[in-house]
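Work through the three exercises below with the model open. Try each task before reading its solution.

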Amino acid sequence: MAMITADPKDVPQVESFAFAPEYLEKARALIAQYPPGRQASAVIGLLDLAQRQQGWLPRVAMDEVAKLLDMAPIRVYEIATFYTMFQLRPKGKYLLQVCTTTPCWLRGSEGVMKVCREAADGETFSVQEVECLGGCVNAPVVQINDDFYEDLDEASMRRVLDALRRGEKPKPGPQIDRQTSAPVGGPTTLKSE
Ligand code: FES
């Protein structure tokens, strides 16, 4: 029977992990939000903190989370390997999470994905196909680290990636002349004073 582990052979081995003081403080604050005996409820928050500190989630980081929450390590691995938000191997500086669910696909996510795949070098950019990001009204959508880039096409996706390469921070949100999630071209209802 094949064994599923949190450390496949092609993942670099990390020998140890400890939360840095500022992350440990946040972890303790999260744990304190739950009643005594229910500290395991903080597991997703702690995994997120570990990933933000390390850049990805090596098994030793999951083990540290398990220790802090008094959980069996396997319970933490089960959660970390279920959610695509957790990266179980190193990734580039910018993680391009490209939504390819139906609304984004109908609005051109294939072309956007092609541009992202071409850019993915594992150092500056990594790419991941994801399900609906919840921004369908502005499809197609790509999440880059913590920001959403919306109403993309191949040309605007290239512009965003070029700006990131130059060390700039392109403005998140719609990449066309649209105000947040309002209709393209401006409001169509409730227009009177
Ligand atoms: S389908 Fe892409 S954000 Fe919902």
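**Exercise 1: the sheet**

Task: find the strand order and the edge strands of this predicted model.

Solution. Start with the order: 5 strands run β2-β1-β3-β4-β5 in an open sheet, with mixed pairing. Next, the edges. β2 (125-130) and β5 (173-174) each have a single partner strand, so one side of each lacks a neighbour in the sheet. Now look inside. β1 (residues 94-99) pairs with β3 (residues 142-144) in the antiparallel sense, over 3 bridges. L96 sits opposite I144 of β3. Finally, add the helix: α7 (residues 154-165) lies across β1, β2, β3 and β4 (147-150), at about 5 degrees to β3.

**Exercise 2: a helix pair**

Task: describe how α2 (residues 43-54) and α4 (residues 73-82) cross, and what their contact consists of.

Solution. Take the axes: they come within 11 Å and cross at roughly 70 degrees. Angles of 65 to 115 degrees count as roughly perpendicular, so α2 is roughly perpendicular to α4. Then list the contact residues. V43, I44 and L47 of α2 meet V76, I79 and A80 of α4. Sort them by class: 6 nonpolar, no polar, no charged.

**Exercise 3: the cores**

Task: which residues have the most contacts inside the largest nonpolar core, and which elements supply it?

Solution. The largest nonpolar core holds 23 residues, and L47, L57, V65, L69 and V76 have the most contacts within it. α1 (21-31), α2, α3 (59-69) and α4 each give two or more residues. α3 gives the largest share, 6 residues. Check L57: beyond four places in sequence, its contacts include L47, A50, M62, A80 and F86. A second, separate core has 17 residues, among them V98, M113, V115 and M157.

Terms used: Residues are numbered from 1 along each chain as its sequence is written. This is a predicted model: local features need pLDDT of at least 70, side-chain atom pairs count only at pLDDT 80 or more; totals for chains, interfaces and linings use all residues. Side-chain values use heavy atoms; hydrogens and water are left out. Axes are lines fitted to C-alpha atoms, for helices over the stretch in contact, and angles run from 0 to 180 degrees between N-to-C directions. Helices (H or I, at least four residues) and strands (E, at least two) are DSSP runs, numbered from the N terminus. Angles under 35 degrees count as roughly parallel, over 145 as roughly antiparallel, 65 to 115 as roughly perpendicular and the rest as oblique. Contact means heavy atoms within 4.5 Å. Ala, Val, Leu, Ile, Met, Phe, Trp, Tyr, Cys and Pro count as nonpolar, Asp, Glu, Lys and Arg as charged, and the others, Gly among them, as polar. A nonpolar core is a set of buried Ala, Val, Leu, Ile, Met, Phe, Trp, Tyr and Cys residues joined through side-chain atoms within 4.5 Å. Buried means under 20% relative accessible area, exposed over 50%, partly exposed in between (1.4 Å probe, protein chains only). Two strands pair if DSSP finds at least two bridges between them.
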